[in-house]
Amino acid sequence: MTTLLDPTGECNPVTRARVPRPASLDGLTVGLLDITKARGDVFLDHLAATLETRGHTVRRFAKPTFTKPAPIDLRHEITTTCDVVIEALAD
Amino acid sequence: MPLPDGLVAIVKRDCPTCTLVGPVLADLRARSGDAVSVYSQDDPTFPEATGGAIDDRGLEVSFALDLDTVPTLLRVVDGVEVARVVGWSREQWEDCTGVRGLGAGLPPHRPGCGSRTMDPAVAAAHATREGERTLQARRVVLGSEEDDAEAMYERGWSDGLPLVPPTPERVVRMLAGTTRAADEVVVLAPPDLVECSVEKVAINAVMAGCRPEYLPVVLAALEGACTDEFNMHGLLATTWFSGPVVVVNGPVTRAIGMNNGINALGPGNRANATIGRALQLVIRNVGGGRPGEIDRATIGQPGKFTCCFAEHEDAYWEPMHVERGYRAEQNTVTLFAGEGVRGVVDQISRTPESLTRTFARCLRTTAHPKLPLAFDAMVVISPEHLRVYEEAGWTKARFREELDALLQLDGHELVRGADGIEEGLPDAFAEVTLPKFRAGGLLIAHTGGGAGLFSGIIGGWASGKMGSEPVTWEVGT
């Protein structure tokens with residue numbers, strides 16, 4: 001009988017429920033997160049204009065670089081000042 | 001292990017002095033007020049004079065007492081050793097026991113023999129057993145009908161190639177390659193940011209096929225890779241297909257037998273092959289960075305199995321680690337976020353001016369000939385190409401300077417649409433001149449076999465703060 005040592009991180013991922021989607025954006029603050037990939041700003045500029053035309057409050061955020069996870073302070077700011085967030089991924 | 005109070009003797013049959021003192025021990029039993037406990041390392045029926053002994057063929061008592069000689073006689077009070085005599089000495093035995101007239105027919109003194117615990121094979125097996133007790137990783141017990149190679153594939157531990165089964169014995173031996181404690185946390189392994197201990201690195205190093213003496217190099221490579229500057233997380237997650245290229249410098253490369261000759265970046269050398277693989281296996285298994293999951297590389301490349309090599313350090317140009325601020329005698333790893341290796345052919349140039357123009361033309365195509373500054377690169381210059389510079393007296397600094405001048409790119413050639421190619425820079429850059437590489441974005445390594453007027457270029461990934469900085473890390477012990 002062979003005994004091996006587990007080479008993995010031995011993690012047990014925690015499953016968390018998603019926040020329910022709002023039925024409407026009325027009265028909510030929408031965060032727009034640019035991960036700084038090429039042309040993400042083009043997409044988000046369109047979205048911001050569309051949302052503001054409809055009277056929604058929009059806040060803009062950007063990651064310092066798309067190659068690293070968002071800094072914890074940025075994540076905290078988005079979580080505490082926005083109700084929903086839209087992230088522009090990829091090119 | 002609690003010792004019985006009184007007199008305690010450890011003997012073995014395979015020791016003439018022990019045979020000599022057998023009747024003395026029987027005499028002590030008869031005449032001493034103390035209990036006399038006798039342990040035998042090799043035969044519990046010995047000594048016959050005492051009617052045998054307590055069985056210590058497993059050497060638990062002997063190892064606990066840290067013996068080097070038998071016979072050893074102890075006096076124990078309240079479970080604590082208060083006196084110890086090794087070998088036979090009438091005077092010392094009488095002092096220890098308080099009984100006079102011992103061993104009347106014996107010589108006054110006779111040295112003992114080596115304790116069985118001193119046998120190298122026995123000592124090594126004991127060290128393994130002791131080491132195994134301290135290992136903290138979960139034990140995975142395979143079924144009696146399970147094939148170990150298949151079992152590891154099924155558990156998702158492999159990069160696609162076979163693994164060496166990480167048994168406790170092998171992991172203990174691997175851990176002997178470093179002075180660091182098994183439970184020391186080396187890094188937070190990306191992408192899951194899991195605390196990764198020396199033990200976990202050792203397990204993956206075993207699976208990769210490393211020898212114990214490679215472990216300090218693997219640890220250094222891992223520490224360098226998991227810095228914020230090198231950004232292993234991003235390098236793993238990107239759709240681009242770079243991976244960590246590990247350049248090893250210093251005396252350690254000779255000590256562990258790394259290859260810096262023919263096929264230095266290819267197969268055939270255990271240290272080159274397995275150090276780079278161990279780094280990747282730690283990211284895969286401990287960090288949770290598996291291809292198709294967090295590793296999103298569009299096409300990937302074979303260097304992501306492993307890419308590790310040593311430089312020539314006795315050459316005309318100073319080695320990479322010296323250029324990066326280390327002393328020649330220091331051992332280092334330098335990590336570079338590299339894609340595959342491409343060749344540079346120039347079999348005609350015999351002047352450095354001409355050969356440098358060849359390098360410049362080839363380097364310009366890194367990632368895309370119209371994209372400046374975005375990607376780093378490493379030139380891997382071969383001995384025959386370096387000879388051209390040596391014969392003309394060009395230093396490494398001169399080569400860099402001349403190369404840099406040749407890699408100043410005219411914005412008109414770089415903008416979108418130029419040369420009929422839509423990829424490129426916005427029109428605003430048409431009037432400026434831009435360097436192909438940012439400052440610090442071009443590494444130069446020297447390795448390879450003595451024949452061949454060929455060199456290599458390893459393209460990089462998103463450069464600098466935007467993506468990855470090359471990192472040099474000193475190898476510890």
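**Chain B: helix packing, backbone exceptions and two long-range pairs**

I'll start at V122(B), which lies in helix α4 (residues 120-134) of chain B. Helices here are DSSP runs of H or I with at least four residues, strands are E runs of at least two, and both are numbered from the N terminus. Before going on, the ground rules. This is a predicted model, in which local features need pLDDT of at least 70 and side-chain atom pairs count only at pLDDT 80 or more, while totals for chains, interfaces and linings use all residues. Residues are numbered from 1 along each chain as its sequence is written, and chains are lettered from A and ligands numbered from 1 in the order in which they are written.

Back to V122(B). With 16 other C-beta atoms within 10 Å, V122(B) is partly exposed. On that scale a residue is buried with 20 or more other C-beta atoms within 10 Å of its own, exposed with 12 or fewer, and partly exposed in between, the C-beta atoms being placed from the backbone. Leaving out residues up to four places away in sequence, V122(B) touches L59(B), R116(B) and T117(B). Contact means that the C-beta atoms, placed from the backbone, lie within 7 Å. L59(B) is 63 residues from V122(B) in sequence, and the C-alpha to C-alpha distance is 9.3 Å.

Next, the division of the chain. Domain 1 of chain B covers 6-118 and domain 2 covers 148-474; the bounds come from an automatic or database domain assignment. Taken over C-alpha atoms, the centres of domain 1 and domain 2 of chain B are 61 Å apart.

Now helix packing. Two packed helices are described by the angle between their axes and the distance between the axes. The axes are lines fitted to C-alpha atoms, for helices over the stretch in contact, and the angles run from 0 to 180 degrees between N-to-C directions.

First pair: the axes of α4(B) and α6(B) come within 9 Å and cross at roughly 95 degrees. The two helices are therefore roughly perpendicular. The classes are: under 35 degrees roughly parallel, over 145 roughly antiparallel, 65 to 115 roughly perpendicular, and the rest oblique. From α4(B) the contact takes T128(B), G131(B) and E132(B), and from α6(B) it takes P168(B), E169(B), V172(B) and L175(B). That contact has 3 nonpolar, 2 polar and 2 charged residues. Nonpolar here covers Ala, Val, Leu, Ile, Met, Phe, Trp, Tyr, Cys and Pro; charged covers Asp, Glu, Lys and Arg; the others, Gly among them, are polar.

Second pair: α6 (residues 168-175) and α7 (residues 198-208) of chain B pack at about 115 degrees, with axes 9 Å apart. That makes α6(B) roughly perpendicular to α7(B). Their crossing is right-handed. The near helix is turned from the far one by less than a right angle, clockwise for right-handed and anticlockwise for left-handed. R170(B), V171(B), M174(B) and L175(B) of α6(B) meet V198(B), E199(B), A202(B), I203(B), A205(B) and V206(B) of α7(B). By class there are 8 nonpolar, no polar and 2 charged residues in this contact.

Third pair: α8 (residues 215-225) and α11 (residues 270-285) of chain B, at about 50 degrees and with axes 9 Å apart. α8(B) and α11(B) are therefore oblique to each other, and the crossing is right-handed. On the α8(B) side are V217(B), V218(B), A221(B), L222(B) and A225(B), and on the α11(B) side I275(B), A278(B), L279(B) and V282(B). The count is 9 nonpolar, no polar and no charged residues.

On to the backbone. Most residues other than glycine have a negative phi, and most peptide bonds are trans. Which peptide bonds are cis? The bond from F46(B) to P47(B) is one, with omega near -5 degrees; P47(B) sits in the loop between β2 (36-40) and β3 (54-55) of chain B. The bond from P190(B) to P191(B) is also cis, with omega near 0 degrees, and P191(B) is in the loop between β11 (185-189) and β12 (194-197) of chain B.

The loop between β11 and β12 of chain B also holds L193(B), a non-glycine with a positive phi of about 55 degrees. L373(B), not a glycine either, has a positive phi of about 70 degrees. L373(B) is in the loop between α13 (352-364) and β17 (375-381) of chain B.

Last, N263(B), in the loop between α10 (252-255) and α11 of chain B. How far is N263(B) from G449(B), C-alpha to C-alpha? They are separated by 6.9 Å, and by 186 residues along the chain.

Terms used:
Contact = placed C-beta atoms within 7 Å.
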